[in-house]
Amino acid sequence: MSEKELGAVSLHPCTSPHLMGYEQLREEQVSRELVSDAMNVEKGNETIVSPEQQIRELGVRIASLRDGKLHREAQAREVGVAAVASADAYEPLPIRL
Amino acid sequence: MKKALELVVGPSDEIAQSANEPKVQHSKPRAHKPRQIDIAKASRQLFSRPLKQLSERQLIQLESEIGSQLFGEWPETVIRREFFNLDPSTWVWHEESYDEQKQIHTSTIRYEVQPQGILKAQGGARYSYLEGQELDNFLVAVQLYYERISREIYKRHPETGSPLL
């Protein structure tokens, strides 16, 4: 085993399949890929997405999820602040006894 | 890199140390257990404050809780583990563990998504592109991370992006 491999094995579990649910996910992934590939071949538009490209796309999706959440939070906060301000400005009618 | 890591794990002198530089621990190490944080509970607590806006940092911290669970149970020697997506092109792995001499070792790996591939940058100026099984495993980790945070934190369907009821 080279030094590089040794360093990688000792430093990162990504180098060995210790991921929880790895086998199951891998099987699902493979079957999905097979179905997808078969469909694409049938349509005559076979597409190959590299692991790097998939990782890149997932990174973009995660950023999008985060941005969406922050945006919705900001909107909700604006609505909440407006509601509080309007409640503060509310002057109840004098009570007549 | 230190700044990026501090974003999630907080300021620490240990982070400043290089990945392979051992730190002598003077006190007896405590029994270390993986953090058993209920993600659903934590996110409920964070998301149930209508006028308190969540920061990106808090979201990444929640994500990292899930990321740290993706690789199975922590070995007994592991004190802390973080795995998170910093931005669309950067992933960070951080682990702190102690050896038989009770010395704490920190390991931080940055994965950069580059046009040429996934660059793995470790301490000691070691750089290499992921390939083979390691690349496949990293992809699975990223997919699991995305699927879990999508469902458990953002309550969105991972494939369609539609809200989960």
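In this predicted model, chain B is built from five helices and six strands. Reading from the N terminus, the order is α-α-β-α-α-β-β-β-β-β-α, so a run of five strands sits between the helical stretches and the closing helix. Of the 165 residues in chain B, 32% are buried. As for how far the chain reaches back on itself, take the contacts in chain B with a separation of 6 or more: 43% of them link residues 24 or more positions apart.

The later strands of chain B pair up through hairpins. Strand 4 (103–114) and strand 5 (117–122) run antiparallel and are joined by five bridges. Two residues separate these strands in their hairpin, and Gln114(B) stands opposite Gly117(B) of strand 5. Strand 5 then pairs with strand 6 (126–129), again antiparallel, through four bridges. Here Lys120(B) has Ser128(B) of strand 6 as its bridge partner. The hairpin of strands 5 and 6 has three residues between the strands, and Gly124(B) takes a positive phi near 75 degrees in it.

Back before strand 4, Lys102(B) is found in the loop that follows strand 3 (90–98). Lys102(B) has 13 other C-beta atoms within 10 Å, so it counts as partly exposed: above the limit of 12 for an exposed residue, but short of the 20 needed for a buried one. Its C-alpha lies 9.4 Å from that of Thr77(B), although 25 residues separate the two in sequence.

Trp91(B), in strand 3 of chain B, has a fuller setting to report. This residue is buried because 25 other C-beta atoms lie within 10 Å, where 20 would do. Leaving aside residues up to four places away in sequence, Trp91(B) touches Asn85(B), Leu86(B) and Tyr111(B). Arg110(B) is 19 residues from Trp91(B) in sequence, yet their C-alpha atoms are 5.8 Å apart.

Next comes the nonpolar core. In soluble globular proteins, nonpolar side chains tend to be buried together. The largest nonpolar core here has 32 residues, and Phe138(B), Ala141(B), Val142(B), Tyr145(B) and Ile149(B) touch the most other members. Two or more residues each come from helix 3 (51–89) of chain A and, in chain B, from helix 4 (56–67), strand 2 (78–87), strand 3, strand 4 and helix 5 (132–152). Helix 5 of chain B gives the most, with nine residues. Ile149(B) shows how both chains come into play: not counting residues up to four places away in sequence, Ile149(B) touches Ile62(A) as well as Glu63(B), Ile66(B) and Tyr154(B).

That leads to the packing of helix 3 of chain A against helix 5 of chain B. Their axes come within 10 Å and cross at roughly 20 degrees. The two helices are therefore roughly parallel, since the angle is under 35 degrees. The crossing is left-handed. On the chain A side, the contact is made by Pro51(A), Gln54(A), Ile55(A), Leu58(A), Arg61(A), Ile62(A) and Leu65(A). Helix 5 of chain B answers with Leu135(B), Asp136(B), Leu139(B), Val142(B), Gln143(B), Tyr146(B), Ile149(B) and Ser150(B). Val142(B) and Ile149(B) thus turn up in this helix contact and also among the core residues that touch the most other members.

Technical notes. Residues numbered from 1 in each chain as written. Chains lettered and ligands numbered in written order. Predicted model: local features only at pLDDT ≥ 70, side-chain atom pairs only at ≥ 80, totals over all residues. Contact = placed C-beta atoms within 7 Å. Pairing = 2+ DSSP bridges. Core = buried A, V, L, I, M, F, W, Y, C linked by C-beta atoms within 7 Å. Axes fitted to C-alpha atoms, helices over the stretch in contact; angles between N-to-C directions. Parallel < 35°, antiparallel > 145°, perpendicular 65-115°, else oblique. Left-handed = near helix turned anticlockwise from the far one by under 90°.
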